[in-house]
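Visitor: I am new to this structure. Please take me on a close look at a single part, the helix packing and the spaces around it.

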Amino acid sequence: GYCGPAGTLQWGTACQGVIPGLSSHAGLGVRVADIRRSFDAFLFDRARMTAGSFEQAESYLEQLEQLENILLPSDADLGSQIGRFFAALGDVASSPGDLAPRVVAVEEGDAVASSFNSLANLLDKQQAGSVSLAQDAVTAVNLLTGELANVNSRILSSGQSGQSPNSLLDLRDRLIDDIAKFSDITTTYSDRGVASISLGSSGVGPVILDQNNSVALGFSNETGVMRYFLSSGGNSAPTSQIKSGVLAGLADAYAMVREVVKEVNHLANLVSIEINTQHKMGVDLDGNPGRQMFSTNGLLLEESPANTSSLAVELQVTDLDLLPENQLDLKYNSAEESWVLTGSEINEPLYGEDRIVGPGFVLEIFGTPNDGDYYTLKKNQDAASTIQFLIKRPQEIAAVSAKMVSANNENLSES
């Protein structure tokens, strides 16, 4: 879509020749009588579509490279740290009575929890960075459409000949090119060269510029999904027409990071549940049964400030896949001398005096409750940021089996 000036040349003004009555152009050369713009709207639209696709891929790639650096920082990534922790546990299993490998295992366990915490923090910053870039991009689009509306006004008021100055038309095209880098757009022109812009390549998307009237573009990520909308007259209308350009690339990158966050949280919960289950099967050096190694708070337990008793509630997650997505309510009924657990995902209320087995978890309540004592349970979506290693003493690692096998002294064989 080349747009450049093309000059119209004319002979210089004729003068009186040697022969009376005849004019002569000899020696006067030519002059530029007019400059015409060479403009092809179709080629311009194709070039802008290509530029938008490139900007989408470029912004997505930049975010992807940052994510790769977070997930795979040479040999200090999460997977390597988990591998070192398992290796340390293997050393403990080989020499359960030796304190040295136990000390190392405790340090590696703390490092695993710290790695999850650090990774969750970096991913949060990555998402915040994408949101900030999207805000800057939206602001840039609004500034460009506002400036283009001003240029349209100048085109409309430029002279009475019906032709606009080439400088204004060049400025108009540069502004449209810049807008096309942020989103795919459809551009139409009036006879005077005034541009109107709608979002999307279909031509029926929402209008963000109608001659000299621009509509503000905005975005939100309240639901965990980056969405764009148009604001006019105090009303907001969401749009799904932004499919290329910087804005689309940032939205795709934000969604990708969200999926990675979910996977990391799931891994944190899985590591916690599987290791805790195995650890409880053993006995530590003090002869006590193994306890939880990791805590992720797969469910968040919140106590009502109106409770009048002093209770201790222990929550143990047994199956991550069975945990309810919606809130559960736990209330004590003194008339029935029982706790009652209710929720939209529980077909019938669950009852228990001091212990309730729910979908994917077990609750144990210690103390004397009063009527109306109340708790809420919500699924924790940020397990990676809250995971902790609970073993503080090397002796607490339960590396010995709770069952021992020994030969009877009365055996006659050597087996």
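Guide: Start with a term. A cavity is a set of grid points where a 1.4 Å probe fits but cannot get out. By this rule the count comes to 1 cavity of 30 Å³ or more. The model is predicted.

That cavity holds about 40 Å³ of space. Its lining is made by Arg48, Met49, Gly52, Ala180, Ser183, Asp184, Ile185 and Ser244. Helix α1, residues 41-71, gives the most to this lining, with 3 residues. By class, the lining has 3 nonpolar, 3 polar and 2 charged residues.

Now the helices. Two packed helices are described by the angle between their axes and the distance between the axes.

Take α2 and α3 to begin with. Helix α2 covers residues 78-94, and helix α3 covers residues 99-156. They pack at an angle of about 160°, with their axes 8 Å apart. Angles over 145 degrees count as roughly antiparallel, so α2 and α3 are roughly antiparallel to each other. Their crossing is left-handed. On the α2 side, the contact is made by Leu78, Gln81, Ile82, Arg84, Phe85, Ala88, Leu89, Asp91 and Val92. On the α3 side, the residues include Pro101, Val104, Ala105, Glu108, Val112, Phe116 and Leu119. By class, this contact of α2 with α3 has 13 nonpolar, 3 polar and 4 charged residues.

Next, α3 and α5. Helix α5 spans residues 245-279. The angle between α3 and α5 is about 165°, and their axes lie 10 Å apart. These two helices are therefore roughly antiparallel to each other. The crossing of α3 and α5 is left-handed. Among the α3 residues that meet α5 are Phe116, Leu119, Leu123, Gln126, Ser130, Ala134 and Val141. Among their α5 partners are Val246, Leu250, Tyr254, Arg258, Val261, Leu267 and Val271. The class counts for α3 with α5 are 20 nonpolar, 3 polar and 1 charged.

Phe116 and Leu119 of α3 appear in the contact with α2. Both also appear in the contact with α5.

The third pair is α2 with α5. These helices pack at an angle of about 5°, with their axes 13 Å apart. They are therefore roughly parallel to each other. From α2 come Leu78, Ile82, Phe85 and Phe86. From α5 come Leu267, Val271 and Ile275. This contact of α2 with α5 has 7 nonpolar, no polar and no charged residues. Leu267 and Val271 of α5 also meet α3. Likewise, Leu78, Ile82 and Phe85 of α2 are part of the contact with α3.

Last, the largest pocket. Its volume is about 440 Å³. It is lined by 21 residues. The closest to its centre are Val261, Lys262, Asn265, Gln381 and Asp382. Two or more lining residues come from each of α3, α5 and α6, the last being residues 383-386. Helix α5 gives the most, with 8 residues. By class, the pocket lining has 6 nonpolar, 7 polar and 8 charged residues. Val261 links two parts of this tour: it is among the residues closest to the pocket centre, and it is one of the α5 residues that meet α3.

Key. Residues numbered from 1 in each chain as written. Predicted model: local features only at pLDDT ≥ 70, side-chain atom pairs only at ≥ 80, totals over all residues. Heavy atoms only, no water. Axes fitted to C-alpha atoms, helices over the stretch in contact; angles between N-to-C directions. Helix = DSSP H or I, 4+ residues; strand = E, 2+ residues; numbered from the N terminus. Parallel < 35°, antiparallel > 145°, perpendicular 65-115°, else oblique. Left-handed = near helix turned anticlockwise from the far one by under 90°. Contact = heavy atoms within 4.5 Å. Nonpolar A, V, L, I, M, F, W, Y, C, P; charged D, E, K, R; others polar. 1 Å grid on protein atoms, 1.4 Å probe; cavity = no way out; pocket = protein on both sides within 12 Å on 5 of 7 lines; lining within 4 Å. Points joined across faces, edges and corners; volume = space filled by probe spheres on them.
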